[in-house]
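Open the model in your viewer and get ready to click along. We will go from one selection to the next and look at what is there.

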Amino acid sequence: MSPRLLVATNLLRIYRPVAAWFWVTMIVCVGVGMTVVSRVTDPTFSLWLVIAGAAAKYWLGVVGILLVGLHLRQFVANGVTRHDFLAGVAIAGLVVAVLFALAVPLGHAAEQLLLSLAGPLPERYPTTSPGTALREFGHVLPAALAFLACGATISAGFYRFGAWGGLALLPVAVLPVVAAEALLGVDEHGGFDVRFLPYSAAALVTLALTAVVALLFHREMRDVAIRRGAA
Amino acid sequence: MISLRDLTVRYGDTVAVDGITLDLEPNKIYGLLGRNGSGKTSLLSVLASYRRPCAGTVTIDGVDPFENAALMRATAFVRDSLDVTDQDRIAKVLDFAGRLRPTWDAGYAEHLADVFELDRRRRVSALSRGQRSSLGVVLGLAARAPLTILDEVYLGMDAGARAAFYRELLADYLAHPRTIILSTHLIEEVAGLFEQVIVIDRGRLLLHEDTDTFRARGVAVTGPAAAVEAFAAGRTVLGEQSLGGVRQVTLYGALADHEAEAARTAGLTLAPVGVQDLFVHLTAVGDTARTEALR
């Protein structure tokens, strides 16, 4: 197995139980929440989309922050180059982002199925379909990648350049998240809408900014000194 | 062959490693000695590709090891702080190393964990200082990396654990020869393991030679004060002590046979100096002129 795939599989192995706990928590919270809401009123929104749709990208943002401080030295200490570590992070990050983006429309479909089993669907509930599922996936994926790249780049800035250097890079590092939140936002029903720009342009802008920030992350880390302890 | 040429590491205005030039032959055990802040860890960090030098070069068999996948894979660098996740259990740390290191010997790691009485279920954060050091030794030795660098890995170990470490290190080195660099302050304890000694002081290379040659460089001359002073005249004196009319000086530099004979004839007693004593004399604080003379 190539070193970068080795890094990717080991990162996925490390985060597999954490992700499992995350999704179990999501399912329990949404299940309890939707049950309570359904008993009180007819839900006009999808709690899954509201909670899981947002939490999925935030989770990836947190993982991005942890990657450098927690895992870089761990892998380098076992003979992995920074280059292979970064490539492995990119592979694992893409895999997780795709899986998380898939989980959002799948969860929405499951939520709708459970609601329909309990009775007729509320009139204003945002029903899902292959088209809306694709739209949800198309919104969550670029946003999840943006959060991951943003988190990793922010922590890399502080790791490499210290407090002041990290702060100076902060405005650049958050650009993909700003774009994702502004252009690919969530409406009050938990549905995904587009603002200011058509979807394709919004996704393109978000992905382009994510690529730029990912490049900055690579520049920060490609020859960084390995610090002692978690930074 | 590991070659350092004019290697320099700076942190802002502080020069940690100052133009060190050094060649290390493969498959030997090196003792890297130096006082606190002398630049040992910075030097080792560059060797292990943990950081780039500010100036100068490092090559291993003619190739720059920095970001070289094959050479980094062939290097194990264990720092006193341990590069592991504190929340992980020992079993997970060993398993992780085994997955990433092609030369990892899982059976030997288990053996070492038994020797150091490490409970695989315990989290790293729950280990004592000495147990953390033991874990570092397990990671460093079981990696069986062609270049193994152990930076003060004995910290907090009790005498029994240290003895086990030295025993295992020597046995494994004899079974699997490789280049091992040991940085330590417990010089006298480990000196028997070193084939070569490297002494750095204030970031600069003070000396690099075979341990036997190094030992022979120091000689303690004891006798009547006047006779000792006469014998020491013109030689590099590393240290001196007086008690009544008896004087002892520690001289740097091997004595030729006729010089040793002359000393005995003059009623002087010659005795070898321990590696640690020699190191202490060579790196004594505030004696820059003496160390400069030795360079």
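UniProt positions are given here in the numbering used for this model, and its annotations may be inferred rather than shown by experiment. Keep in mind, too, that this is a predicted model.

**Stop 1: the annotated spans of chain A.** Select residues 20-41, 47-72, 84-106, 140-159, 166-184 and 196-217 of chain A; an unreviewed UniProt entry labels these "transmembrane region". Now keep just residues 47-72 of chain A: the span is 100% helix and 0% strand, with 36 Å between its end C-alpha atoms. Next try residues 196-217 of chain A, which are 86% helix and 0% strand, with end C-alpha atoms 28 Å apart.

**Stop 2: two helices to compare by eye.** Select helix α1 of chain A, residues 3-40. Its 38 residues reach 54 Å from the first C-alpha to the last, close to the 56 Å expected at 1.5 Å a residue. Look at Tyr15(A), where α1(A) bends by about 40 degrees; a proline, Pro17(A), follows within four residues.

Then move to helix α4 of chain A, residues 130-173. How far apart are the end C-alpha atoms of this 44-residue helix? They are only 34 Å apart, short of the 64 Å that a straight helix would reach. Click Phe161(A) to find a bend of about 140 degrees in α4(A).

**Stop 3: a pair of rings.** The structure holds 12 aromatic pairs over all chains. For one of them, show the side chains of Tyr58(A) and Phe147(A): they meet edge-to-face, 5.4 Å centre to centre, with 65 degrees between the planes. Tyr58(A) belongs to helix α2 (residues 47-76) and Phe147(A) to helix α4 of chain A, so this pair ties together parts that are 89 residues apart in sequence.

**Stop 4: a nonpolar patch.** Switch on the surface and colour Met1(A), Leu5(A), Ile91(A), Val95(A), Leu99(A), Leu102(A) and Leu106(A). Together these residues form a nonpolar patch with about 650 Å² of accessible area. Which helix gives the most to the patch? Helix α3 of chain A (residues 82-118) does, with 5 residues. Leu99(A) is found in this helix.

**Stop 5: across to chain B.** Select residues 2-227 of chain B, which an unreviewed UniProt entry annotates as "domain: ABC transporter". This span is 35% helix and 29% strand, and its end C-alpha atoms lie 46 Å apart.

Finish with Arg52(B) and Asp223(A), which form a salt bridge whose closest N and O atoms are 4.0 Å apart. The pair crosses between chains, from the loop between α1 (40-47) and β4 (55-60) of chain B to the segment after α6 (199-221) of chain A.

Methods
Residues are numbered from 1 along each chain as its sequence is written. Chains are lettered from A and ligands numbered from 1 in the order in which they are written. This is a predicted model: local features need pLDDT of at least 70, side-chain atom pairs count only at pLDDT 80 or more; totals for chains, interfaces and linings use all residues. Side-chain values use heavy atoms; hydrogens and water are left out. Patches are made of residues with over 30% relative accessible area and no salt bridge: like charges are joined within 9 Å, nonpolar side chains (Val, Leu, Ile, Met, Phe, Trp, Tyr) within 5 Å. Accessible areas come from the Shrake-Rupley method with a 1.4 Å probe; for residues, only the protein chains shown count as cover. A salt bridge is a side-chain nitrogen of Lys or Arg within 4 Å of a carboxyl oxygen of Asp or Glu. Helices (H or I, at least four residues) and strands (E, at least two) are DSSP runs, numbered from the N terminus. The expected span of a helix is 1.5 Å times one less than its number of residues. The bend at a residue is the angle between axes fitted to the seven residues ending there and the seven starting there. Rings of Phe, Tyr and Trp (its six-membered ring) pair if their centres lie within 6.5 Å; planes under 30 degrees apart count as stacked, over 60 as edge-to-face and the rest as tilted.
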